[in-house]
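Welcome! Take a moment to look over the model below, and then we can walk through some of its features together.

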Amino acid sequence: MEGGNQDTRWKSYVDWRKRAALRGRHGGMLAASFVLVVEVLENLAYLANSSNLVMYLSKYMHLSPSKSANHVTNFMGTAFLLALLGGFLSDAFFTAYHIYLISAVIEFLGLIILTMQARTPSLKPPECSSTTSSIPCQEVGGGKAAMLFIGLYLGALGVGGIKGSLPTHGAEQFDEDSPQGRKQRSTFFNYFVFCLSFGALIAVTFVVWIEDNKGWEWGFAISTIAILLSIPIFLVGSTFYRNKIPFGSPLTTIGKVLIAAILNSCVNRSPSNAIANLATSPSYQTEISKEAAENAKQIDEQPDQIPTDSLKFLNRAVVNKPAHAALECSLQQVEEGKIVLKMLPIFACTIVLNCCLAQLSTFSVEQAATMDTKLGSLKIPPASLPIFPVVFILILAPVYDLFIISFSRRVTKTEMGITHLQRIGIGLFLSILATAVAALVEIKRKRVATESGLLDSTNPLPITFFWISLQYLFLGSADLFTLAGLLEFFFTEAPSSMRSLATSLSWASLAMGYYLSSVIVSIVNNVTANSGHEPWLSGHKINHYHLERFYWLMCVLSALNFSHYLFWAMRYKYRSAGGSQ
């Protein structure tokens, strides 16, 4: 009878009341569906502000265009980097369930502050007009600036916590020990990106229109209501969720292994002796926690308890006499450290892709502003260009899940059809095509401008802005393949004790891509200016930029990055069931 009760329980999982999670009652697609609905509302609240924030800062807070752009970049980069904090707390001290709720409340408070400031004239700088010299524009400062940035960065903290916990919480609802559960988990990550894009579509269309035409207080209010609604919707699913029991700080484990390996390597000890002494090492006899024991089955250990050959340096962390008692490591901890370190090159290779996404998104809007943006009798604002990649993702996500994956499974006769690394690689390859198409479109745009004699004119060029949508087709496809593949790769390959933190690396890659894009533009301008020519990306009119050269440069960098990715991906050995199938 006792054994039967054990079979009905999910090992290492509890429900929202911290009771044992039960099979058939907790987890599954129904539980994950609440996460998908919440993601629509969460990303709507985030992107409704960030996508148009530069206009709010420049028009109502009277910051210069460069300052406004820098603040927006810092805000978005900080939000994505804080996902690492959310992931760390989910793994170490709380569950992803609790981190989401705490983060949603924090973001809600930040949006309340921004809504109050946008609605109250006395909390903003005085209005000014460029045609009225008697009322100079006053940049926001003092307490008003403090209120602005407290609201913004409370929002960034909340967004980071949500990004670091929500996808992991959804993925944890599936049984990773069964093929059906792993297939459902793969479908979840695909539709997670779909729901993220659906929220973005509402944000960059309806909410941005409200902000521009009805007032920013209404835009902030919609975001506030969206994140507030997400909380009860998330709570409704509480009785269906299974929550992973935290294992303690994953960074402590990794740090201990690295320090132990470094210190023990300084001791004059033969590597062969160290390996020979593994069987009698007290570190193998150390009793580990119940949770760690449950996690141990997921570690790819040798039957004879000998460390794997990869990253042999870390094997020195397991010796007969550790340099200090606090640095005593088990074989499981060493192998977990190896897994994390082997995933880092894959993470690094996606930063260039996200850099391309940031660059093309910025310059493409400026390119479209010089082109014919009419769609029949309707004039499309260039700022609405992000609709293109979002719509492409919304179309491709179900097509990929329903047709491409099903076809690839039949052809390859494997569980996954397309592996995680293959999916990421497809995304990186598509980013090469995106930058190449962007360069060709820019060559065509400048040729039309030259032949029409409109290089220095503010009139729209006789070429439709739909040409820009071509590069967005490849960009949207690259984003879908890479982001969904990266989220699933980190979740399935990371040790169970650090899945939230590892999954958060997907968002950290996005943040680093934003930061790297600014660095590359500065380097390109400095190098080209020092060569005695005009900087490629400088001037008052984009028609005089050498944007096509910059796109070709990004294409070459993307190709080199893809080669670098292939080097690591071809040598990577999956540890999880289904990852390589």
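Strands β1 (residues 9-14) and β2 (residues 20-22) run antiparallel and are joined by two bridges. Strands here are DSSP runs of E with at least two residues, helices are runs of H or I with at least four residues, and both are numbered from the N terminus; two strands pair if DSSP finds at least two bridges between them. In the hairpin of β1 and β2, five residues lie between the strands, and K18 there has a positive phi near 65°. Strand β1 also pairs with β3 (residues 243-244), again antiparallel and over two bridges. The table shows the partners of V14.

| Residue in β1 | Opposite residue | Strand |
|---|---|---|
| V14 | A20 | β2 |
| V14 | N243 | β3 |

A word on the background: this is a predicted model, where local features need pLDDT of at least 70, side-chain atom pairs count only at pLDDT 80 or more, and totals for chains, interfaces and linings use all residues. Residues are numbered from 1 along each chain as its sequence is written, and side-chain values use heavy atoms, leaving out hydrogens and water.

Next, helix α5 (residues 83-92) is mostly covered, with seven of its ten residues buried. Buried means under 20% relative accessible area, exposed over 50%, and partly exposed in between (1.4 Å probe, protein chains only). The buried residues of α5 include G86, F88 and D91.

How many disulfides does the structure hold? The number is zero, a disulfide being a pair of cysteine sulfur atoms within 2.5 Å. C355 is not bonded to C356, because the sulfur of C355 is 5.7 Å from this closest cysteine sulfur, too far for a bond. C355 is buried, at a relative accessible area of 0%.
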